[in-house]
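Student: I have a structure to go through and would like some help reading it. Can we take it piece by piece?

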Amino acid sequence: MEVLKTVIIIAFIIVSIVLTIIVLMQEGKDNGISGALTGAADSYWAKNKGRSKDAVIKKVTVVLAVLYFVFAILLRSKWLA
């Protein structure tokens, strides 16, 4: 049981570090008004948001956040104690 707990702790640390890096890689939402005024809202990337780099980063963030909470719950549970 100690080996499983050690593996989960290592995975938890790796997920935490990668999640932090991915969150810092995300762009801000400040392109709303200025993008609409300058015409940038009609760009190729605005029309294809589902396939852009930002959409992929957002999906990876959601997956890593879920993994983070699953590992946190597992580490806190009495099952591994």
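Student: What pLDDT does the protein average?
Tutor: The protein averages a pLDDT of 82, and 72% of the residues score at least 70. pLDDT is the predictor's confidence in each residue, from 0 to 100. This is a predicted model, in which local features need pLDDT of at least 70 and side-chain atom pairs count only at pLDDT 80 or more, while totals for chains, interfaces and linings use all residues. Residues are numbered from 1 along each chain as its sequence is written, and side-chain values use heavy atoms, with hydrogens and water left out.

Student: Which element has the lowest mean pLDDT?
Tutor: Helix 2 (residues 32–38), with a mean of 54; helix 1 (residues 2–25) has the highest, 95.

Student: How many helices and strands are there?
Tutor: The protein has 4 helices and 0 strands. Helices (H or I, at least four residues) and strands (E, at least two) are DSSP runs, numbered from the N terminus.

Student: Back to helix 1. Which of its residues are buried?
Tutor: Ile8, Phe12, Val15, Ser16, Leu19 and Ile22. Buried means under 20% relative accessible area, exposed over 50%, and partly exposed in between (1.4 Å probe, protein chains only).

Student: What do the buried residues of helix 1 pack against?
Tutor: They pack against helix 4. A contact means heavy atoms within 4.5 Å. Among contacts in the protein between residues at least 6 apart in sequence, 86% join residues at least 24 apart.

Student: New topic. How many aromatic pairs does the structure hold?
Tutor: It holds 2. Rings of Phe, Tyr and Trp (its six-membered ring) pair if their centres lie within 6.5 Å; planes under 30 degrees apart count as stacked, over 60 as edge-to-face and the rest as tilted.

Student: Why does the pair of Phe12 and Tyr68 count as stacked?
Tutor: The ring centres of Phe12 and Tyr68 are 4.9 Å apart and their planes are at 25°, so the pair is stacked. Phe12 lies in helix 1 and Tyr68 in helix 4 (residues 53–76), so the pair ties together parts that are 56 residues apart in sequence.

Student: And what kind of pair do Tyr68 and Phe69 form?
Tutor: An edge-to-face one, with 5.5 Å centre to centre and 90° between the planes. Ring pairs thus link Phe12, Tyr68 and Phe69 into a cluster.

Student: Is Phe69 buried or exposed?
Tutor: Phe69 counts as exposed, at 52% relative accessibility. Tyr68 is partly exposed, with a relative accessible area of 28%.

Student: How much of the whole protein is buried?
Tutor: Of its 81 residues, 19% count as buried.
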